[in-house]
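Student: I've got a chain open and would like a guided tour, with a close look at one part of it. Here's what I'm looking at.

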Amino acid sequence: MWSLIMAPPIRDKNRKCVPGSGALLLLLLSHLTSALEVPLDPKVLEGLPQPPTITLQSPKDYIFDPRENIIIHCEAKGKPHPSFSWTRNGTHFDVEKDSKVVMKPGSGTLVIDISGEKAEAYEGTYQCTAHNEHGTALSNKIIIRQSRSPLWSKERNEAFTVQKGAPLVLQCRPPAGLPPPVIFWMDNNFQKLPLDKRVSQARNGDLYFANVVPEDSRPDYICYARFPHTQTIQQKQPISVAVLENNPGQEHSPGLMLPQGAFSHKMVLRGETLELECIAEGLPTPDITWEKEGGELPTNRLALQNFQKTLRISDVTDSDAGRYRCSASNRLGSTHHIINVTVKAAPYWVSAPRNLILAPNETGILTCRVNGQPKPKIRWFVNGVPVENAPEDRSRKVDDDTVILSNVQSGTSAVYQCNASNEFGYLLANAFVNVLAEPPRVLTPPNLVYQVISNNLALLHCASFGSPIPTITWFKDSQISIKNGEHYVIHENGTLEIHVAQPLNSGKYTCIATNNLGIRENHVFLEVKEPTRILKQPEYRVVQRGMSALFECKVKHDPSLIPTMTWLKDNGELPDHERFLVGADTLTISDVTDGDEGTYTCMMNTSLDMDSASAMLTVVERPDPPTELVLSDQTEKSVRLTWVHGDEHNSPTQKFLIQFEDLLHQPGVWVNMTEVAGTVSTAQLSLSPYVYYAFRVLAMNRIGYSEPSQPSNQYRTSPAAPEENPADVQGRGTMPSNLVITWTQLTGFQSNGPGLEYKVQWRQKDVDEDWSSKNAANVSELVVPGTPTYVPYEIKVQAVNDYGEGPQPYTVIGYSGEDLPLSAPESVQVMIHNSTVAEVHWEPVPFSLVRGRLLGYKVSYRREHGLNKAEEQGEQPEQSLTFPGNRSEGRLPGLQPYSVYNISIRVLNNKGEGPASQSKTFETPEGVPGPPSFLNVETPSLESVTLQWGPPLQNNGRLVGYTLKYQPVNDTNELGPPQLAEFLANQTTFTLENLNSSMRYKFYLSAKTIKGSGPFLTEEAVTVVNTSAASRQVDIATQGWFIGLMCAIALLILVLLIVCFIKRNKGGKYPVKEKEDAHQDPEIQPMKEDDGTFGEYSDTEDHKPLKGSRTPSNGTVRRDESDDSLVDYGEGGDGQFNEDGSFIGQYSGKKEKDTHEGNESSEAPSPVNAMNSFV
């Protein structure tokens, strides 16, 4: 669209104003219009006049390839469409007279065919003019030049001979081309010469050597020039360089080769690229550094190239002016050069003039604000003619960079040109002034629906066009006028802005565009939606490789919007693999691999908004095994093992496990040696002699252990004497006359050398004798024969090998073999504590007679018989108790009272039992008896019961009688007051009288001796209920003959009632017949008119009950299939009999109503009820 601005001028503060001009400007500015945008809508543009506007033109400096046609672009628009003309070198260029020049139809673009012609003839300065009846627009002045790639001038290059270490410059001096060529150096094989800090190429193409080396000797240094437009490459004659080594140059401090001297100047234009160059010689090769005096280098626009020798600053600004210091240094010294940079500027826009559309009598201003160094000169043109030469226009006033147009009138449209120039270039801008008078038009389509998310900005557009510019007003729901305020802003272009849209802002909005030529309105609608929010975000997951990972993403959104959920991995699409399963609100990754690690993002999109949340997936696994095991610091006793960590797979290593293999003694067996922290990668290992070590390392993280590393190199330690003796040394006899000495053999790892044996020593304890000794190899026991029975021995076992003995062994105590004891305990005594416990005392056997390790004493006892003569005597099994240790007494529990026991005692050792002591007999006193053997309740009656019981199975003394306790129990299991009864020992039955009938009683019976009563035996019983009459009635009711009699009586009563009913209804008149004729109910049997009886009565219906009768509980009466019953004829609600037996109400034939009425009827007339009443 056209951008048309009416803006106040910007004045230079230092500029002097013409007297009175300030007041005039203020007056004019008070009447200025705002910006007016002319849309490109063809419907709007149709009929609107427009001065020309240049839309496309060639660049100001146009270099053409002579092998191709020259195309100079010039396109413009306007209403009517403009015509075009050209000038060349300031004079009119008649296109039609030159057959080689063609202007494209409807365009000002020139196509010049230079084939077969001299291209130089068309070089020059061209300018295009676009004209219609409303004005004239100008293009830039376009300088057309032919590209050139001249040949290299012929010259003879002499060979360079230079001493080693000296500097060297090889000059290129390429021909001047248009545009300048690109320079590079190659050899005869078309290989680019390598450039580095020592050898570099200057911007002018020369090749600089800070110092030469013998390798620089070669005959084919060739400079090439490539011309970009013609794509041609030309080469200079090869240059030969020979480096002499007979008198090499000495090392020296740096010196600058380019630029020369201590100070130089550089001018650069604003916006262009500043390139500063500094090349130094020296031996060693110098380093180049750059700095700006009194300022900082612009790091964001700075580039150091050519091995720091070129400083490049792009997009130069005024702040880049200043002094730049280039320093070259090596270890022998340094030098520097100052480059003073000044920044000039071709004209550049501050504010270019913009098109104006004015209504008649309005005022507008064109401004042409430019800057440059030196300050540009501004000239104004009207329709391509200098404003001072243009026809006079009283409404126009030119004030330097401002043109004021006051009270314009129709027909004064024109195109103004602003030209700003200084010595470095110019700017040309066209701006038309179009005077229009147009009523308002609303360009926003009607009934647009705007949808926004709650709490967001809402913009309702009301694009309009008119001249003068229409005034926009807004209404909500066609009633509420909207003003600028806290919640609303109406922009100059008519757009209504709602700062924070809420659901209450939804509705219909009307915008009205008004100017002095008319009024237009438009309606739009606003819908405020709920925002999309992720309620449950995916969470960080740490998953082991091969497992599954689940991400959840639960979302809330506006119901009227259709959401789309998308999952991303690392901000890209999910891998296209079946392992990635996307659910409604989940993402499941199965069989996770290392490549699945990354950031997963859940994105929920609607047509209006979106929300997203991300979570990391970290894939963990057991660590990779360590690598590169190295042994160092090797000694006989230790070695240092170093390794390199494997990949931890995102789970830090917690520790390292070091294992070793003894290739000499246990090949193939890996033994855990030590553990170290997961942060280290070395360990000092203690070693044993005579071991062929190989080491490996396992890493452990949270998941588990890695695979073992590859084994280290083998490391052998030298043999040495044993460092430890056998463990678990013991001595015990297996026979009464020997001593067996045992131990745990040392492993090959513990042997420390070859020839491992065991030096076994022994002697009897507390006997003055020398140690006996014997060596044994490859065994773990030694048998010493001929020893006394069970005597203590001192024993030592020492490890020895070919390199010496182990440490002095510890002495242990062992015993020779045991034999059976020779003696029995004596002085056996028994003390009776009570009827079931006795205490036994004896005199211990002397240790010398035990002949072994004393384990304890065994007391054997047997019940011989009871003291009760009535008790049956039977053989009892022998019992025994063992009392460990050196004891002289023990208790015998669980004896049976009132019995005779026999007892004997033996001493025990590991060989067995000694002889028994003399037997001892004792008696236990009486005790309380056991419970009666049984208790039965027999022949209960109304007020008595008979009890019968048996004597106890264990009297435990002389039985003196029985005690009976009984008490009633009510329905809630509460016990009544107890009653007691005593019986003699020979009594086993008793009848209790005067009990309550229908009462439950609980009985407790116990036997007693002189020691007291024994435990109770309990039983319950209920006295007989007084139900003789009821029992007789029940018995009759359940008899078959009684049931048959009742059925016969009921049938007889039924027949009598039917007959009686028929007789009563013979004399009465009722409309049953008419009712039957009307309804023709097939279920109603017709009645004979001659005798009033039922017609065609079926025998099959004799056994069916009347309709509406109740069925007795025994189910013998079934429902009659006929509807003719007492219920149908008046037993129910409304039907009643007259005095003569006829009905008052009419008969109803509806089944549903009949059934209902039958259920509500009185039961008195029913024969079944009568039968029930009889029964």
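Among contacts in the protein chain between residues at least 6 apart in sequence, what percentage join residues at least 24 apart? Then please take a close look at the largest nonpolar core, and set it against what the rest of the chain does.

Tutor: Keep in mind that this is a predicted model. The answer to your question is 66%: that's the share of contacts between residues at least 6 apart in sequence that join residues at least 24 apart. For background, the protein chain has 10 helices and 90 strands. Of its 1175 residues, 42% are buried. The chain exposes about 62,700 Å², and carbon and sulfur atoms supply 50% of that.

Now your core. The largest nonpolar core holds 29 residues, and the ones with the most contacts inside it are Ile70, Ile72, Trp86, Ile112, Tyr126 and Ile144. Several strands each put in at least two residues: strand 4 (61-64), strand 5 (70-72), strand 6 (74-79), strand 7 (83-88), strand 10 (110-112), strand 11 (124-132) and strand 13 (142-146). Strand 11 gives the largest share, 3 residues. Click on isoleucine 72 to see how this plays out. Ignoring neighbours within four places in sequence, isoleucine 72 is in contact with Ser58, Tyr62, Trp86, Gly108, Thr109, Leu110, Ile112, Tyr126, Ile142 and Ile144. Another core lies apart from this one; it has 21 residues, including Val370, Tyr416, Leu427 and Val433.

Nonpolar side chains turn up on the surface too. Tyr540, Val542 and Met616 make a nonpolar surface patch of about 270 Å². Of these, valine 542 sits in strand 51 (residues 541-544). Why isn't valine 542 counted as buried? Because its relative accessible area is 37%, and buried means under 20%.

On to the charged pairs. There are 42 salt bridges in the structure. Start with aspartate 477 and lysine 476, whose closest N and O atoms are 3.0 Å apart. The two partners differ in cover: aspartate 477 is partly exposed at 36% relative accessible area, while lysine 476 counts as buried at 10%.

Other salt bridges span stretches of sequence. Aspartate 594 and arginine 545 meet at 2.8 Å, N to O. This pair links distant parts of the chain, 49 residues apart: aspartate 594 is in the loop between strand 57 (586-589) and strand 58 (598-605), and arginine 545 is in the loop between strand 51 and strand 52 (549-552). Both ends are partly exposed, aspartate 594 at 37% and arginine 545 at 33%.

Then there's lysine 637 with glutamate 723, at 2.6 Å from N to O. Lysine 637 is in the loop between strand 60 (627-632) and strand 61 (638-644), and glutamate 723 is in the loop between strand 66 (715-716) and strand 67 (727-732), so the bridge ties together parts 86 residues apart in sequence. Lysine 637 is partly exposed, with a relative accessible area of 45%, and glutamate 723 is partly exposed at 45%. Elsewhere, Glu291, Glu293, Arg323 and Arg325 are joined into one network by salt bridges that share partners.

For a helix, try helix 6 (residues 1040-1064). Its 25 residues reach 37 Å from first C-alpha to last, close to the 36 Å expected at 1.5 Å a residue. Its buried residues are Met1046, Ala1050 and Ile1062.

Last stop, the backbone, since a computational chemist will want to check the torsions. Leucine 258 and proline 259 are joined by a cis peptide bond, with omega about -10 degrees, and proline 259 is in the loop between strand 22 (252-258) and strand 23 (263-269). Glutamine 373 and proline 374 are joined by a cis peptide bond too, with omega about 0 degrees; proline 374 is in the loop between strand 33 (369-373) and strand 34 (377-382).

Two residues that aren't glycine have positive phi. Phenylalanine 190 has phi of about 60 degrees and lies in the loop between strand 16 (182-186) and strand 17 (199-201). Histidine 649 has phi near 55 degrees and is found in the loop between strand 61 and strand 62 (655-662). Their surroundings contrast: phenylalanine 190 is exposed at 56% relative accessible area, whereas histidine 649 is buried at 10%.

Definitions and conventions. Residues are numbered from 1 along each chain as its sequence is written. This is a predicted model: local features need pLDDT of at least 70, side-chain atom pairs count only at pLDDT 80 or more; totals for chains, interfaces and linings use all residues. Side-chain values use heavy atoms; hydrogens and water are left out. A nonpolar core is a set of buried Ala, Val, Leu, Ile, Met, Phe, Trp, Tyr and Cys residues joined through side-chain atoms within 4.5 Å. Buried means under 20% relative accessible area, exposed over 50%, partly exposed in between (1.4 Å probe, protein chains only). Helices (H or I, at least four residues) and strands (E, at least two) are DSSP runs, numbered from the N terminus. Contact means heavy atoms within 4.5 Å. Patches are made of residues with over 30% relative accessible area and no salt bridge: like charges are joined within 9 Å, nonpolar side chains (Val, Leu, Ile, Met, Phe, Trp, Tyr) within 5 Å. Accessible areas come from the Shrake-Rupley method with a 1.4 Å probe; for residues, only the protein chains shown count as cover. A salt bridge is a side-chain nitrogen of Lys or Arg within 4 Å of a carboxyl oxygen of Asp or Glu. The expected span of a helix is 1.5 Å times one less than its number of residues.
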